[in-house]
Amino acid sequence: MDIKLKIWRQSNASAKGSFKLYDLPGIDENMSFLEMLDVLNEKLLVENDADGPVAFDHDCREGICGMCSLVINGEAHGSERGATVCQLYMRKFHDGQTITIEPWRARAFPLVKDLTVDRTSFDRIIQAGGYVSVKTGGTPDANLIAVPKEDAETAMDAAACIGCGACVAACPNASAMLFTSAKIAHLAHVPQGQTERYTRVLDMVETHDDEGFGNCTNHGACQNACPKGISVDYIAQLNRDLFKAAVTAQPEPAGS
């Protein structure tokens, strides 16, 4: 199949970026989207293209690392639901199609080059959550702590978040509340996470806001774009915990 690629090219954060159009003939429909980009980059190197190969993030290429952050034809990770870019195959496109490829667009994800953005703001949100400091003894002792089946499954579903940032890219407010709520929830549903439960939610939400992410206004686009199907129900739980944490943190009235 022959395709055209309309790709955002920008040499660095301060440079002016623009879309560039590339013709790419002879693409095998069984290639993954990232393999197709590899073919493009080989072509650009052979042709000594003035802009050089296209910079894009990738790592495991198995749908578990969250590195392949691309907006494809206006959709985070492309049109395939429940999949990352590395799990998107060229057979989902048609011969002669023009495919538009952009980086994540969010103030909290500053652009590095071309399709690569800096997502270390996610790391700082996680770091703000601190550590689980409850004394459980050694690993065998911790594993003996009974966890209700429903809580264990809810925690595991939240822990499935791979931190790719598709929720931010899809949200009209560039909110990272789905990511933040998932990282909070997977500890909130196990006994070991209860000691710092409410200080954790305060610290992580404060960091989320300080990083420049927008507010959640319940559009639900984050849930639709999430390759791991993280539910917006976790945002509702975050809001409940945040309310409890804020009330608990209020100073007692004078004279009480």
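Which element gives the most to the lining of the largest cavity? The answer is H6, with three residues. This report describes a predicted model, beginning with the chain as a whole and returning to the cavity further on.

**The chain as a whole**

The chain has nine helices and seven strands. Its C-alpha atoms fill a box of roughly 75 × 40 × 30 Å, taken along the principal axes. Of the 256 residues in the chain, 44% are buried. Contacts between residues at least 6 apart in sequence were also sorted by separation: 69% of them join residues at least 24 apart.

**Strand S1 and its partners**

Strand S1 covers residues 3–9. Five of its seven residues are buried, so the strand is largely enclosed by the rest of the structure. S1 pairs with strand S2, residues 18–24, through seven bridges, and the two run antiparallel. Within this pairing, Trp8 stands opposite Phe19 in S2.

S1 also pairs with strand S5, residues 98–102. Here the sense is parallel, and the pairing extends over four bridges. Ile7 has Ile101 of S5 as its bridge partner. In a regular strand, side chains alternate between the two faces of the sheet.

A salt bridge also connects S1 and S2: it is formed by Asp23 and Lys4, with Asp23 in strand S2 and Lys4 in strand S1. The two residues are 19 apart, and the pair links distant parts of the chain. Asp23 is partly exposed, with a relative accessible area of 44%. Lys4 is likewise counted as partly exposed, at 33% relative accessibility.

**Salt bridges**

The count for the model comes to 13 salt bridges. The table gives some of them, with the distance between the closest N and O atoms.

| Acidic residue | Basic residue | N to O distance |
|---|---|---|
| Asp23 | Lys4 | 2.5 Å |
| Glu75 | Arg81 | 3.4 Å |
| Glu196 | Arg200 | 3.7 Å |

Are the residues of the Glu75 and Arg81 pair buried or partly exposed? Glu75 is partly exposed, with a relative accessible area of 30%, and Arg81 is partly exposed at 46%. In the bridge between Glu196 and Arg200, Glu196 is buried, with a relative accessible area of 14%. Arg200 is buried as well, with a relative accessible area of 2%. Both values fall under 20%, the cut-off for a buried residue, so both residues are counted as buried.

**A buried threonine in a loop**

Thr84 lies in the loop between strand S4, residues 75–76, and S5. Why is Thr84 counted as buried? Its relative accessible area is 1%, and a residue is counted as buried because its value is under 20%. Which residues does Thr84 touch, not counting those up to four places away in sequence? They are Gly63, Cys68, His77, Ile162 and Pro227.

**The largest pocket**

The largest pocket holds about 190 Å³ of space. It is lined by 14 residues. Nearest its centre lie Met67, Arg119, Phe122, Asp123 and Gly163. Two elements give two or more residues to this lining: helix H2, residues 120–128, and helix H6, residues 177–188. The largest share comes from H2, which gives four residues. By residue type, the lining of the largest pocket divides into seven nonpolar, three polar and four charged residues.

**The largest cavity**

How many cavities of 30 Å³ or more are counted? The count comes to one. The largest cavity has a volume of about 110 Å³. Its lining consists of 16 residues, and the closest to its centre are Cys161, Cys164, Cys167, Cys226 and Ile230. The elements that give two or more residues to this lining are helix H5, residues 166–170, and H6. As stated at the start, H6 gives the most, with three residues. The lining of the largest cavity divides into 13 nonpolar residues, two polar and one charged.

H6 therefore appears in both descriptions: it is among the elements that give two or more residues to the lining of the largest pocket, and among those that do so for the largest cavity.

Technical notes: Residues numbered from 1 in each chain as written. Predicted model: local features only at pLDDT ≥ 70, side-chain atom pairs only at ≥ 80, totals over all residues. Heavy atoms only, no water. Buried < 20%, exposed > 50% of the residue type's maximum accessible area, 1.4 Å probe, protein only. Pairing = 2+ DSSP bridges. Contact = heavy atoms within 4.5 Å. 1 Å grid on protein atoms, 1.4 Å probe; cavity = no way out; pocket = protein on both sides within 12 Å on 5 of 7 lines; lining within 4 Å. Points joined across faces, edges and corners; volume = space filled by probe spheres on them. Nonpolar A, V, L, I, M, F, W, Y, C, P; charged D, E, K, R; others polar. Salt bridge = Lys/Arg side-chain N within 4 Å of Asp/Glu carboxyl O.
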